[in-house]
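Take a walk through this fold, from the overall make-up to single side chains. Keep the sequence and the coordinates side by side as you read.

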Amino acid sequence: MQSKGAIKLLAVLLALACIYQLSFTFKTRSVEKKAAEYAAQFPVGQQSEAEQHYLDSVQNVGVYNLGFKKFTYKECKEKELNLGLDLKGGMNVMLEVQVEDVIKALAGDSQNDPAFVEAIAEANAALKEGTSKDYISDFVKAYQRLSNGGSLAAVFVSPDRKDITLESSDADVEKILKRETDAAIAASFNVLRSRIDHFGVTQPNIMRLPNSHRILVELPGVKEPQRVRDLLQGTASLEFWLTYDAREVLPALAAADKFIKVELSEAPAAGQPEVASIEAAAAAGTPAGEAEGLLAEIGSDTTAVAEAEHTDRYDRAKNPLFAVLDPGFAGGAAIGAAYKADMAAVNEYLANPAVRELFPADIAFKWGVKGDDKIDGRFYLYAIRISTPDGKAPLDGSVVTEAREQYAQRGANAVVSMSMNGEGTQEWARLTGENIGKCIAIVLD
């Protein structure tokens with residue numbers, strides 16, 4: 001009898017565990033149903049984007065309260081029943097790291113050596129024909145033959161590297177090349193995982209295929225394959241810029257919001273100059289007064305997430321720009337934040353020639369490479385100061401010789417410590433010498 005009671009108790013516990021686990025699936029289906037209903041009010045061609053916009057906006061909003069904890073939509077998606085590609089459909093993507101580019105980057109100016117170029121071509125041919133077992137070894141053997149026993153160290157030696165000297169043997173250089181290649185693949189793997197985690201695909205399968213430079217990505221339930229393809233194929237670059245402070249830009253941003261409202265509500269007459277619309281925008285309100293209110297928000301806690309499933313701080317009819325670019329998240333070089341689906345509208349508003357006249361001539365706007373969980377999955381927009389004749393960043397990632405993860409002296413926040421070469425160190429000193437607190441490193445997609 002006691003054994004029967006134990007079996008019944010076990011059965012009840014298993015049933016409760018199943019119900020608990022399935023409840024997350026039911027809740028995500030409920031939220032996704034609301035997203036579909038929200039998207040139904042848009043034209044057919046915009047419904048998919050509108051549905052994703054809704055889901056992006058509730059990623060970090062509590063949607064399921066079990067008393068002891070309130071789970072966000074993202075957490076519910078992570079706990080829901082995994083159907084996999086076979087039952088749920090989705091995307092299966094194979095990505096390959098171009099080892100050729102890694103070797104060329106390490107070679108620097110030496111990549112113009114005819115023997116180097118031909119060795120790369122032979123290694124590529126072996127890889128394409130399927131006869132290559134190790135790209136680096138194929139390259140090394142080809143170079144030794146084509147250069148008549150020339151030293152590999154002479155190709156890869158650099159003042160910025162301490163692990164390769166002119167006395168390094170070919171075997172030592174080959175080991176370093178393989179190590180750098182493995183590090184590049186590992187970095188690519190981590191970048192892909194980070195991008196996919198931000199995209200919100202639940203239970204993805206990401207793995208490095210052994211004895212190759214390939215990474216397999218399986219994404220169940222993906223409804224926007226082109227968006228995922230762009231996300232995975234995007235090339236990130238590190239750039240160092242001078243910036244504007246948000247306090248310097250928000251008055252112009254408030255004026256732009258007023259102008260766009262007037263332009264949308266009262267189309268200018270034929271032949272009427274756009275300046276008239278700007279004057280009408282100024283008459284419609286006091287941008288400076290509104291800017292003071294926006295400036296007051298900076299420094300306060302602007303990362304609190306609304307408890308509602310879908311909340312807009314601004315009305316699109318009254319504040320068309322601020323409805324898509326929330327200035328409540330401004331601070332430092334960031335002048336606001338927007339959801340992925342609203343970024344195109346923000347770009348269009350700020351590209352308007354009349355709107356551009358409201359801002360300094362040397363200002364440019366750039367999006368952060370990824371959203372921040374603390375701001376509900378939105379993307380920051382940064383105000384960049386153009387300081388070079390060609391409009392490019394004063395410094396980029398090419399001057400970085402070493403980067404490592406460290407932790408701040410106060411608190412447990414991770415930071416990245418970087419070392420630059422001589423040229424980068426001098427330019428960085430020049431930039432920061434007169435602009436303390438107004439320089440930023442941005443990773444751009």
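Of the 445 residues in the protein, 40% are buried. The model is a predicted one. Its secondary structure consists of 16 helices and 13 strands. How much of the contact network joins residues at least 24 apart? Among contacts between residues at least 6 apart in sequence, the share is 63%.

Turn to the interior. In soluble globular proteins, nonpolar side chains tend to be buried together. Here the largest nonpolar core has 31 residues. Within this core, L253, L350 and F359 touch the most other members. Several elements give two or more residues each: helices α11 (246-265), α14 (343-351) and α15 (353-356), and strands β7 (334-338), β8 (363-367) and β9 (379-385). Helix α11 provides the largest share, nine residues.

L253 is a good place to look closer. Which residues does L253 contact, leaving aside neighbours within four places in sequence? They are L321, F322, L325, I335, L350 and F359. Two of these, L350 and F359, are named with L253 as touching the most other members of the core.

A second core is separate from this one and has 24 residues. Its members include I120, V140, A142 and F156. I120 and A142 also take part in a helix contact, that of α6 with α7.

That contact comes next. Helix α6 spans residues 114-129 and helix α7 spans residues 135-146. Their axes are 8 Å apart, at an angle of about 140°. An angle over 145 degrees would count as roughly antiparallel. The pair falls outside that class, and α6 and α7 are therefore oblique to each other. Their crossing is right-handed. On the α6 side, the contact is made by A115, F116, E118, A119, I120, E122, A123, N124, A126 and L127. On the α7 side, Y135, D138, F139, A142, Y143, R145 and L146 make it. By class, the contact has twelve nonpolar residues, one polar and four charged.

Helix α7 has another partner, α5 (residues 99-107). The angle between α5 and α7 is about 50°, and their axes are 10 Å apart. This pair is therefore oblique too: α5 and α7 are oblique to each other. The crossing of α5 and α7 is right-handed. V99, E100 and I103 of α5 meet Y135, I136 and F139 of α7. Five of the contact residues are nonpolar, one is charged and none is polar. Y135 and F139 are also listed in the contact with α6.

Now follow α7 to a third helix. S137 lies in α7. Is S137 buried or exposed? Its relative accessibility is 13%, so S137 counts as buried. Beyond neighbours within four places in sequence, S137 is in contact with E174 and K178. E174 sits in helix α9 (residues 170-199). E174 has 18% relative accessibility and therefore counts as buried, the cut-off being under 20%. Not counting residues up to four places away in sequence, E174 touches I136, S137 and V140. Of these, I136 also belongs to the contact of α5 with α7, and V140 is a member of the second core.

End with helix α2, residues 47-57. This helix is mostly covered, with eight of its eleven residues buried. The buried ones are A50, E51, Q52, H53, Y54, L55, D56 and S57.

Conventions: Residues numbered from 1 in each chain as written. Predicted model: local features only at pLDDT ≥ 70, side-chain atom pairs only at ≥ 80, totals over all residues. Heavy atoms only, no water. Axes fitted to C-alpha atoms, helices over the stretch in contact; angles between N-to-C directions. Helix = DSSP H or I, 4+ residues; strand = E, 2+ residues; numbered from the N terminus. Parallel < 35°, antiparallel > 145°, perpendicular 65-115°, else oblique. Left-handed = near helix turned anticlockwise from the far one by under 90°. Contact = heavy atoms within 4.5 Å. Nonpolar A, V, L, I, M, F, W, Y, C, P; charged D, E, K, R; others polar. Core = buried A, V, L, I, M, F, W, Y, C linked by side-chain atoms within 4.5 Å. Buried < 20%, exposed > 50% of the residue type's maximum accessible area, 1.4 Å probe, protein only.
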